[in-house]
Amino acid sequence: PRGHFLEHFPGLLRRRCPTDAALRAVYVIWEAQVPIVKCTMYEVAVDLKLCRLKRADVRGVADSNKGVKFCDGEGSVKAITGCWIASNVLKNVPEPEPFTTVAQIVKCWAVARGIYGKRYGYFSGLAWALLVARACQLYPTAPCGTLLRKFFRVVAMWPFPTPVVLCKVKDLNYGLDVWAPTYADVAPVVTPCYPSDNCASTVSAVTLPVILSEVTRARTLCEQGFAGDCECGVDLAQLWAPSAFLTEFPAYLCLEITAEEELELLRWSGLVDSRLRLLAAELHTIPSLTVRLFPRRFRFTPAASTLVPAQVAVTPSVSDPGLMVQELAAKQPVSPTEHASSGELGKGTPAVAGDTSASTEACGLHVGGGARGAPETEGALTEGALIEKAPEATGEVASSKVALGCRWLLGLQATKWTKGAFTEIDEAVEHWNGGLNTFLRREQQTFQRTAQMKGPMVRLVQKEAVGSLAEF
């Protein structure tokens with residue numbers, strides 16, 4: 001059975017590996033649509049999927065039109081679809097060499113500019129490659145430099161949600177789901193083999209404007225005719241300039257998690273990764289707020305104080321809350337604290353899989369003057385009120401093993417920073433965190449969250465402080 005293989009394969013892989021340095025961080029993601037073995041071999045990240053066949057002969061499996069009938073179940077079809085897509089893309093482009101060159105350039109550009117990653121709501125590497133392939137079809141004789149410029153022009157002018165397709169979508173009637181247009185499709189990019197699928201299904205109204213903004217910038221640079229030393233005739237250093245995300249927004253929402261072991265951190269961060277776009281979508285519903293999720297984890301070594309919550313300290317009130325709000329609005333934005341030095345908000349404990357007594361109200365951002373459930377003071381918006389909400393203090397001593405952490409950043413821009421805006425941010429974080437806890441309870445058979453997996457802790461930081469939290 002598939003589960004038996006995935007359970008024993010990591011151990012077999014470790015035994016067959018020549019040295020410990022060649023292979024590290026081997027683990028299985030059971031909660032994925034298709035369970036997958038992830039590892040790092042010789043510093044290269046590798047994903048391994050299992051495709052079971054109904055016969056011992058592998059001939060004909062490489063052709064999607066024929067190979068699908070040899071696969072044992074839908075899980076095996078999804079596991080081998082990547083191979084079918086790769087071969088069909090090359091069949092649908094006029095010249096493979098310009099396509100592969102420009103696709104590599106585009107992927108490097110997307111990573112540098114912070115618009116790469118399906119789990120974050122941006123185009124995946126496959127989606128970018130299919131977009132390049134479509135440009136190749138529209139300009140079959142274009143050399144690399146011209147094709148790169150045309151690519152950005154095509155994407156910038158594409159009438160989304162009109163789907164990007166390389167060939168006609170066919171249903172071979174094997175009982176598998178084939179892509180069909182839906183209202184949920186924001187920027188569909190359809191794979192060129194059976195069963196066709198939208199590989200950009202996570203792109204949303206939050207991320208598409210960010211993508212198109214970066215594409216427009218790249219189009220402008222290419223059309224200005226920068227002279228460079230590369231074959232493409234475009235200054236790639238200018239094109240690949242790192243994103244200005246860390247200085248672009250006046251405030252940032254910072255999420256942090258910690259764990260004792262490397263594998264625990266990888267599994268825990270992978271789960272949080274997959275749900276961050278839902279938080280961005282929650283924040284996007286706030287009318288006065290502009291949100292951008294940066295598709296990257298930042299590793300850090302947590303201090304002991306972040307692992308054991310401090311006692312709650314109530315923020316002092318002010319005599320004139322109306323004047324206070326006016327002053328905060330004039331600051332654009334209010335200066336939130338980077339550390340939880342002035343207090344801690346909230347008393348919930350993150351739900352742990354298998355622990356039915358855990359509170360559904362876990363970590364989130366709370367705008368207020370004291371613990372959740374306590375009366376809110378009039379001075380809730382003074383500097384230092386916006387601080388991380390941690391699990392309830394239990395008097396436990398921090399483990400000396402805890403030395404691993406990951407953080408993520410979401411840029412925030414409000415038309416006006418008011419108490420209502422902060423309240424809406426708080427509610428959005430609480431709702432997202434409630435969804436995370438619900439998922440953990442539902443998937444506790446496949447994702448076992450241990451007591452050493454701390455967080456997410458959420459805090460709001462100003463632009464001047466964010467540089468110390470993340471480095472490119």
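1. Start at the end of a strand. Leu289 has Ala414 as its bridge partner in β9. Leu289 belongs to strand β5, residues 289-293, and 5 bridges tie β5 to β9 in an antiparallel run. This is a predicted model, so read each point below as a description of a prediction.

2. Stay with β9. Strand β9 covers residues 404-414, and 9 bridges join it to β4, again antiparallel. Two pairs place the register. Ala259 has Leu404 as its bridge partner in β9. Thr258 stands opposite Gly405 in β9.

3. β9 has a further partner in strand β6, residues 298-300. The two strands pair in the antiparallel sense over 3 bridges. Here Phe298 is matched with Arg407 of β9. As for cover, 9 of the 11 residues of β9 are buried, and the strand is mostly covered.

4. Is β4 enclosed or open? Strand β4 runs through residues 251-259, and 9 of its 9 residues are buried, so the strand is largely enclosed by the rest of the structure. Both faces take part. Ala251, Leu253, Leu255, Ile257 and Ala259 point one way, and all are buried. Tyr252, Cys254, Glu256 and Thr258 point the other way and are buried as well. Note Glu256 and Thr258 in that second set.

5. β4 also pairs with β10. The two are antiparallel and share 7 bridges. Glu256 stands opposite Met457 in β10. Thus Glu256 is a buried residue of β4 with a named neighbour across the pairing.

6. Check the peptide bond in β10. Gly455 and Pro456 are joined by a cis peptide bond, with omega at about 0°. Pro456 lies within strand β10, residues 454-462. The cis bond therefore involves a residue of the strand that pairs with β4.7. A second cis peptide bond joins Phe160 and Pro161, with omega at about 15°. Pro161 is found in a loop, the one between α6 (144-157) and α7 (208-223).

8. Those two helices pack against each other. The angle between α6 and α7 is about 145°, and their axes are 9 Å apart. α6 passes α7 in a left-handed crossing. On the α6 side, the contact is made by Leu148, Arg149, Phe152, Arg153, Val155, Ala156 and Met157. On the α7 side, it is made by Leu212, Val215, Thr216, Ala218, Arg219, Cys222 and Glu223. By class, this contact of α6 with α7 has 9 nonpolar, 1 polar and 4 charged residues.

9. Now the other helix pair. Helix α10 (residues 262-284) and helix α12 (residues 419-442) pack at about 140°, with axes 10 Å apart. How do α10 and α12 lie to each other? They are oblique. α10 passes α12 in a right-handed crossing.

10. Many side chains can be checked in that contact. From α10 come Trp268, Leu271, Arg275, Leu276, Leu278, Leu279, Glu282 and Leu283. From α12 come Ile425, Ala428, Val429, His431, Trp432, Gly435, Leu436, Phe439 and Leu440. The contact of α10 with α12 counts 13 nonpolar, 2 polar and 2 charged residues.

11. Turn to the sheet of β1, β2 and β3. It is an open sheet of 3 strands in the order β1-β2-β3, with antiparallel pairing. β1 (23-29) and β3 (44-48) stand at the edges with a single partner strand each, so one side of each has no neighbour in the sheet. The twist averages 15° from one strand to the next. Helix α1, residues 2-16, lies across β1, β2 and β3 and runs at about 175° to β1.

12. Within this sheet, strand β2 (residues 36-41) and β3 are antiparallel and joined by 5 bridges. Thr40 has Ala45 as its bridge partner in β3.

13. The loop between β2 and β3 deserves a look at its backbone. Tyr42 is found there. It is not a glycine, yet its phi is positive, at about 50°. Glu43 is found in this loop too. Glu43 is likewise not a glycine, and its phi is positive at about 65°.

14. Are Tyr42 and Glu43 buried or exposed? Tyr42 counts as exposed because its relative accessibility is 55%, and the cut-off is over 50%. Glu43 is exposed too, with a relative accessible area of 60%.

Note on methods
Residues numbered from 1 in each chain as written. Predicted model: local features only at pLDDT ≥ 70, side-chain atom pairs only at ≥ 80, totals over all residues. Heavy atoms only, no water. Axes fitted to C-alpha atoms, helices over the stretch in contact; angles between N-to-C directions. Helix = DSSP H or I, 4+ residues; strand = E, 2+ residues; numbered from the N terminus. Parallel < 35°, antiparallel > 145°, perpendicular 65-115°, else oblique. Left-handed = near helix turned anticlockwise from the far one by under 90°. Contact = heavy atoms within 4.5 Å. Nonpolar A, V, L, I, M, F, W, Y, C, P; charged D, E, K, R; others polar. Pairing = 2+ DSSP bridges. Buried < 20%, exposed > 50% of the residue type's maximum accessible area, 1.4 Å probe, protein only.
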